[in-house]
Amino acid sequence: MPSDASVREKPAPLDKLQKINPTLLTMMIGTFAYGLVGEIVILLFLRRLSGVSLGWWIGVALSILGEAHMYWSLDMALGLGEKGATKKLVLHNTVRYLVFVGVTFLLMATDIANPVACVFGILGMKAGAYLEPVLEKLYTKKFQKHKEVEPYDTGNSAV
């Protein structure tokens with residue numbers, strides 16, 4: 001029988017979410033919310049739902065993956081010098097955009113999904129960035145309890 005020290009507990013799924021950078025997580029949630037709103041618009045106003053909807057969600061998924069890749073590449077570049085960081089960031093930005101363009105051209109060539117909807121889904125990265133401060137403020141207001149801040153005693157009181 002193994003000793004207690006050798007037995008490791010499997011981390012709960014929520015533990016993994018707590019390890020994600022909170023700003024990145026909020027940005028991804030904003031991008032997903034953008035995806036949901038866009039899907040509602042697609043369902044209400046468009047006729048060819050399947051191709052447009054699939055293209056939309058491919059774009060939103062690329063956007064969320066692009067946000068994670070951007071965070072990872074920025075975090076990795078912080079440990080490098082100025083020239084090394086610049087080279088790595090340019091390389092990773094180029095790779096990210098080539099993936100976006102490659103998937104869009106693949107959709108154009110195969111007619112699996114609507115490439116225009118995919119491009120609008122990729123723009124969810126911008127929507128997530130713009131929604132992040134708003135969602136952060138809502139989260140803080142809803143779930144964070146504000147503590148009363150004690151006034152700083154300078155020792156110059158006249159009492």
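Which residues does T104 touch, not counting residues up to four places away in sequence? Keep that question in mind while you look over the whole chain, remembering that this is a predicted model.

Begin with the whole protein in a cartoon view, where you can trace 6 helices and 0 strands, so that the pattern read along the sequence is α-α-α-α-α-α. Of the 159 residues of the protein, 25% count as buried. If you consider the contacts between residues at least 6 apart in sequence, 68% of them join residues at least 24 apart.

Next, select T104, which you will find in helix α4. T104 counts as buried because its relative accessibility is 12%, and the cut-off for that word is under 20%. Show its side chain as sticks, and you can follow it to the backbone oxygen of F100, which it reaches at 2.8 Å. Now the opening question can be answered: with residues up to four places away in sequence set aside, T104 touches P115, C118, V119 and I122.

From there, move the selection to I122. Leaving aside its neighbours within four places in sequence, I122 is in contact with G59, V60, L62, S63, F100 and T104.

Now select M27, L62, F100, L107, A113, C118, I122 and M125 together, since these 8 residues form the largest nonpolar core. The elements that give two or more residues to this core are α4, spanning 82-110, and α5, spanning 115-122. A second core, separate from this one, has 5 residues, including I42, W56, V60 and A117; colouring these four differently will help you to keep the two cores apart.

Finally, turn to the second largest pocket, which has a volume of about 240 Å³. To display its lining, select M27, M70, Y97, F100, V101, T104, V119, I122, L123, M125, K126 and A129, a list in which you will recognise T104 and I122 from the earlier stops. Which helix gives the largest share of this lining? That share comes from α4, with 4 residues, while α4, α5 and α6, the last of these covering 124-143, each supply at least two. Colour the lining by residue class, and it divides into 10 nonpolar residues, 1 polar and 1 charged.

Technical notes
Residues numbered from 1 in each chain as written. Predicted model: local features only at pLDDT ≥ 70, side-chain atom pairs only at ≥ 80, totals over all residues. Heavy atoms only, no water. Core = buried A, V, L, I, M, F, W, Y, C linked by side-chain atoms within 4.5 Å. Buried < 20%, exposed > 50% of the residue type's maximum accessible area, 1.4 Å probe, protein only. Contact = heavy atoms within 4.5 Å. Polar contact = N/O pair within 3.5 Å; in protein donor to acceptor, adjacent residues only side chain to side chain. 1 Å grid on protein atoms, 1.4 Å probe; cavity = no way out; pocket = protein on both sides within 12 Å on 5 of 7 lines; lining within 4 Å. Points joined across faces, edges and corners; volume = space filled by probe spheres on them. Nonpolar A, V, L, I, M, F, W, Y, C, P; charged D, E, K, R; others polar.
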